[in-house]
Amino acid sequence: MSSIYIHIPFCKQACHYCDFHFSTQLGKKEAMVQAIAKELVLRKSEVDDVVETIYFGGGTPSVLSNEEIEFLIQTVYDHYKVMDRPEITLEANPDDLSNHRIIQLSNSPINRLSIGIQSFFDEDLKLMNRAHNASEAEKCIQEATKYFDNITIDLIYGIPGMDNKRWKANIQKALDFGLPHISSYALTVEPRTALQKFIEKGVVPNVDDEQAQEQFYILVDMLEAQGFVNYEISNFGKPGFFSKNNTAYWLGKTYVGVGPSAHSFDGKNRSWNIRNNPTYIKKITEGILPMEIETLSQSDRYNEAVMTGLRTIWGVDLEWVASDFGEKYVEYLVLQSQKYRDSGLLVESEGKLLATKKSKFLVDGIASDLFFVK
């Protein structure tokens, strides 16, 4: 099974914290859609098995018209083998989801919405420079739940000025809507973003890592109490509603990413497209794939498997490590992880190395300490 990721590099306005590739100039939108469709055709030979998920990410994919979205989906169907009833996700912002648009989308092949709420409070949304307000956030979910069963929303914690009381209220609002999936991330200060500049100038307080950790565990406790499974550090789903697209990525399955800045993985090689819209359109129009390719070494693949495995409920399968990488990697992993198992941060269960609840917020640092470095 394979997945297709389609990167739509446009947004109405720039969020202060975002370092993803996008442009607020929508004049080239039509040319970009044509170029992405052509890239899908150019790369069809890379996928010889069945496509099980199609994911529109960005950027803000909901800036596309329904006709443009359906054109790209049809291009996939025309050139790839697609399973019956694949998961097709559209990332969308609340300000794009009018009642009319939601009904339109419900009549399209899209069967999963990922809505970028981030917060239900205007003060947080203003700090992040989101294009929507709190009222739009609530209204779009009320409408979307009438037409879609499979909805996820994004929430951000660790926002300067957001105390634990407001964070709990954010989570409770999400729960009150009866959503089956929530993705939640700590606010991070990325280089060269507006947020970094505001913090450096003292306009905005710096992110408090201790508060972010506290709010992460509030999130885990509140969602698990309501039957959510924290199946990946930042993702919580009711049984049957885990993201198939993201799960495929964490389990090391192959995927093709099209559009500027999109990444791909074929099991041994990782590739990524150029982060420049005009150059991307020009090259694709000429039939040239503007990408760089890196062949992963055995150590690289092992390190990625450890990182992604420890972030999930599936952990790192020691038997799989032995068969894929050899006994020396298992011995190394067992030895390196001993101190974390002794301190209760990792546990070995049924032949798998797993992060415990105590270590979830720290797991990326722990994983990097288990990397195989020559």
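This is a tour of selected sites in a predicted model, beginning with a pair of helices and ending with some backbone details. Residues are numbered from 1 along each chain as its sequence is written, and side-chain values use heavy atoms, with hydrogens and water left out. Because the model is predicted, local features need pLDDT of at least 70 and side-chain atom pairs count only at pLDDT 80 or more, whereas totals for chains, interfaces and linings use all residues.

Select residues 29-42 to begin, which form helix 1; helices (H or I, at least four residues) and strands (E, at least two) are DSSP runs, numbered from the N terminus. Helix 1 has 14 residues and spans 20 Å from its first C-alpha to its last, close to the 20 Å expected at 1.5 Å a residue, where the expected span is 1.5 Å times one less than the number of residues.

Now add residues 66-79, helix 2, whose axis comes within 9 Å of that of helix 1 and crosses it at roughly 10°; axes are lines fitted to C-alpha atoms, for helices over the stretch in contact, and angles run from 0 to 180 degrees between N-to-C directions. The two helices are therefore roughly parallel to each other, a term for angles under 35 degrees.

To see the contact (heavy atoms within 4.5 Å), show the side chains of helix 1 that meet helix 2, among them Val33, Ile36, Ala37 and Leu40, and their counterparts in helix 2, including Phe71, Leu72 and Val76. The residues of this contact divide into eight nonpolar, three polar and three charged.

Stay on helix 1 and colour by accessibility: Lys29, Met32, Val33, Ala35, Ile36, Ala37, Glu39 and Leu40 are buried, that is, under 20% relative accessible area, with exposed meaning over 50% (1.4 Å probe, protein chains only). Besides helix 2, these buried residues pack against strand 1 (2-8), strand 9 (254-258), strand 11 (269-273) and helix 10 (277-285).

Move next to Thr152 in strand 5 (residues 151-157), which counts as buried at 2% relative accessibility. Leaving aside residues up to four places away in sequence, Thr152 touches Arg112, Leu113, Ser114, Ile115, His181, Ile182 and Ser183.

For the backbone, select Gly58 and Gly59, which are joined by a cis peptide bond with omega about 20°; Gly59 sits in the loop between strand 2 (51-58) and helix 2. Arg85, in strand 3 (residues 82-92), has a positive phi of about 55° although it is not a glycine, and Arg85 is exposed, with a relative accessible area of 76%.

Methods: Angles under 35 degrees count as roughly parallel, over 145 as roughly antiparallel, 65 to 115 as roughly perpendicular and the rest as oblique. Ala, Val, Leu, Ile, Met, Phe, Trp, Tyr, Cys and Pro count as nonpolar, Asp, Glu, Lys and Arg as charged, and the others, Gly among them, as polar.
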